[in-house]
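Dear colleague,

Please find the structure below, handed over for your use. A summary of what was found in it follows.

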Amino acid sequence: MRVSKLLMPTLRENPSEAEVISHQLLVRAGLMRKAASGIYTYLPLGMRVLEKIKAIVKEEMDRFGGQEVMLPIIQPAELWQESGRWEVYGQEMFRLKDRHEREFCLGPTHEEIITSLVRNEVNSYKQLPILLYQIQNKYRDEKRPRFGLMRGREFIMKDLYSFDQDQTGLEESYEKMYKAYTNVFLRCGLQFRVVEADSGAIGGSTTHEFMVLAEAGEAQVVYCQKCDYAANVEKAEAVPDKIVVGTESEIQLVHTPNVRTIEEVAGHLGVAKKQLIKTLFYKADDQMVAVLVRGDREVNDIKVQNHLRCVQLELAQPEDVERMAGCSVGFVGPVGLEIKILADQEVAFIKSAVTGANKNDYHYTGVSLNRDFKVDDFTDLRMVQSGEPCPQCDSSLESARGIEVGQIFQLGEKYSQSLNAKYTDENGDEKFFVMGCYGIGVSRTIAAAIEQNYDQNGIIWPITLAPAHVVIIPVSTKEDEQVKEAEALYRQCLEAGIEAVLDDRNERAGVKFKDADLVGYPIRVTVGKKTIQDNSVDIKLRHSGAEEAVNKNLAVTKITEVVR
Ligand code: ATP
Ligand code: MG
Ligand code: MG
Ligand code: MG
């Protein structure tokens, strides 16, 4: 690649809407451009990084027995109605109609489509296990698309689905994917932790998230230095004296007089049921009063939190709650705020929320629920904080922010039952497939890699993800000899299988150096007057800043050493 011909529009200033480093640098380094909120175009260098990650993901999926397919992006409503998710998915789903008024959605995920494929095409235990995957665009109309590739509305996901005969088979498939995911993120050069996670409404019991540790992460994880315990705080269990929810202005009090079930609450709020990640239930008279904590983590931004007053919502004992049972109140807010279950100030809080200065920010009133709900449901509510004892070994827990780059689920029979997907076992009996699903945020991983690898000058790509290994810079394109040397080295690199970029622009050296740092090529080679005199080239490593003069005949060998 010659920079003079490359579409690589670098910028010196940060785009105003870019709040996090990865978003700023992806735009400034000319890797992507915004088309609409949460929707991006990948430019040539961005595309190369994307292809690198996809190649790693494919290799690891194939290594563990995955077979690649391509499922449709446009999916018929009927399948989602069959599984029951058409109603519960809420506003995150992009819905559309064709010219005959038939309903469709843009796939936010593909459990329905793949289960219907397998129910039609796989019928014997002899064909199992089967692991099918794709790498494709996903569409989610996120409430707050932001942070560039971290939370897009169109984004790229690798999703794999496993179909097994029984739970033992599922556990084997799950183990394979656990290993494959570990390999993927190691090969991407990322520091990550695998944490226990909450399965929410997707169903199933066992699930893990792969979290890249970075300040910009929207998730909070706790982990133990002594043993292997690590969990998303949503999952970490503790006694119910405190839960984390959101800041005052983010809490909505929702008026839903006729709502009786969680599904209806979710429908009323226009969110997926799984977003109502935590639910507190209190008995009051003959009603259940629910405190719904909406898992809207994108609002839980540290920057927002720091300058907003944090409200302590004090929840009552059941008898105190009776006083608000008349309107049966539901509090709905995002994760991030502490609620202490202690005294009886909740009514005052509700009043201040409704009559306070920001009253237009709130919708008000209550939620009452069927009694069939167990009061015990609130026992796993409190989110664990750092410094608390590890549930496995009792030493002190640490906490960190994480970017969820992947998640694996044991689904069990949730979708095979609702979509009636069966195979015939050895004895000729019909059984439901036992399923797992496994997602990697391929485009989010690009952002995560930058969040972990940058400095004030730009991106510092791990060698496996870099858009190219080396940039070759002739200091002056007006000096024939420099141009000749640089061209020769460029050709030698390409012949040796090194991904090289030649910055042949007629620009000042300073401009080319700045762009090289901004784009983040792992290796920079400079050809100048002095290096030519010395029969050498200057090789600088982006990662360490180490710079050395290398005899020009040894340059390719040296570069190859760094790349391999
Ligand atoms: P989040 O909690 O961040 O909203 P999720 O749990 O809803 O993510 P999954 O349904 O588990 O996401 O999807 C699998 C993977 O897809 C996630 O682990 C994440 O890496 C990626 N992903 C999900 N939503 C987005 C998005 N809006 N933009 C980019 N990547 C996403
Ligand atoms: Mg989500
Ligand atoms: Mg998640
Ligand atoms: Mg997830």
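**Overall organisation**

This is a predicted model. Of the contacts in the chain with a separation of 6 or more, 75% are accounted for by residues 24 or more positions apart. The chain has 564 residues, and buried residues make up 45% of them. Its secondary structure consists of 16 helices and 31 strands.

**The surroundings of ligand 1**

There are 15 residues around ligand 1, and those that come nearest are Phe 155, Gln 407, Gly 439, Gly 441 and Arg 444. Four elements give two or more residues to this shell: strand E8 (154-164), strand E21 (397-412), strand E24 (434-441) and helix H12 (442-452). The largest share, four residues, comes from E21. Sorted by class, the shell has seven polar, five charged and three nonpolar residues.

**Helix H12**

Helix H12, one of the elements named above for the ligand shell, deserves a separate note. It is largely enclosed by the rest of the structure, because 11 of its 11 residues are buried. Among the buried residues are Arg 444, Glu 451 and Gln 452, as well as Val 442, Ile 446 and Ile 450. Arg 444 is thus listed twice here, as a buried residue of H12 and as one of the residues that come nearest to ligand 1.

**Phe 432**

Phe 432 lies in strand E23, which covers residues 430-432. Is this residue buried or exposed? Phe 432 counts as buried because 20 other C-beta atoms lie within 10 Å, and the cut-off for a buried residue is 20 or more. Apart from neighbours within four places in sequence, its contacts are Glu 413, Ser 416, Gln 417, Ala 421 and Lys 422. Phe 432 also illustrates how the fold brings together distant parts of the sequence: Asn 123 is 309 residues away in sequence, yet the two are 10 Å apart in space, C-alpha to C-alpha.

**Helix H14**

The last element to report is helix H14, residues 509-519. Its buried residues are Lys 512, Asp 515, Ala 516, Asp 517, Leu 518 and Val 519. Which elements do the buried residues of H14 pack against? They pack against two helices, H1 (21-28) and H2 (44-63), and against strands E26 (458-459), E27 (470-474) and E29 (523-527). After H14 comes Gly 520, which has a positive phi, near 85 degrees.

With kind regards

Notes. Residues are numbered from 1 along each chain as its sequence is written. Chains are lettered from A and ligands numbered from 1 in the order in which they are written. This is a predicted model: local features need pLDDT of at least 70, side-chain atom pairs count only at pLDDT 80 or more; totals for chains, interfaces and linings use all residues. A residue is buried if 20 or more other C-beta atoms lie within 10 Å of its own, exposed if 12 or fewer, and partly exposed in between; C-beta atoms are placed from the backbone. Two residues are in contact if their C-beta atoms, placed from the backbone, lie within 7 Å. A residue is near a molecule or strand if its C-beta atom, placed from the backbone, lies within 6 Å of it. Ala, Val, Leu, Ile, Met, Phe, Trp, Tyr, Cys and Pro count as nonpolar, Asp, Glu, Lys and Arg as charged, and the others, Gly among them, as polar.
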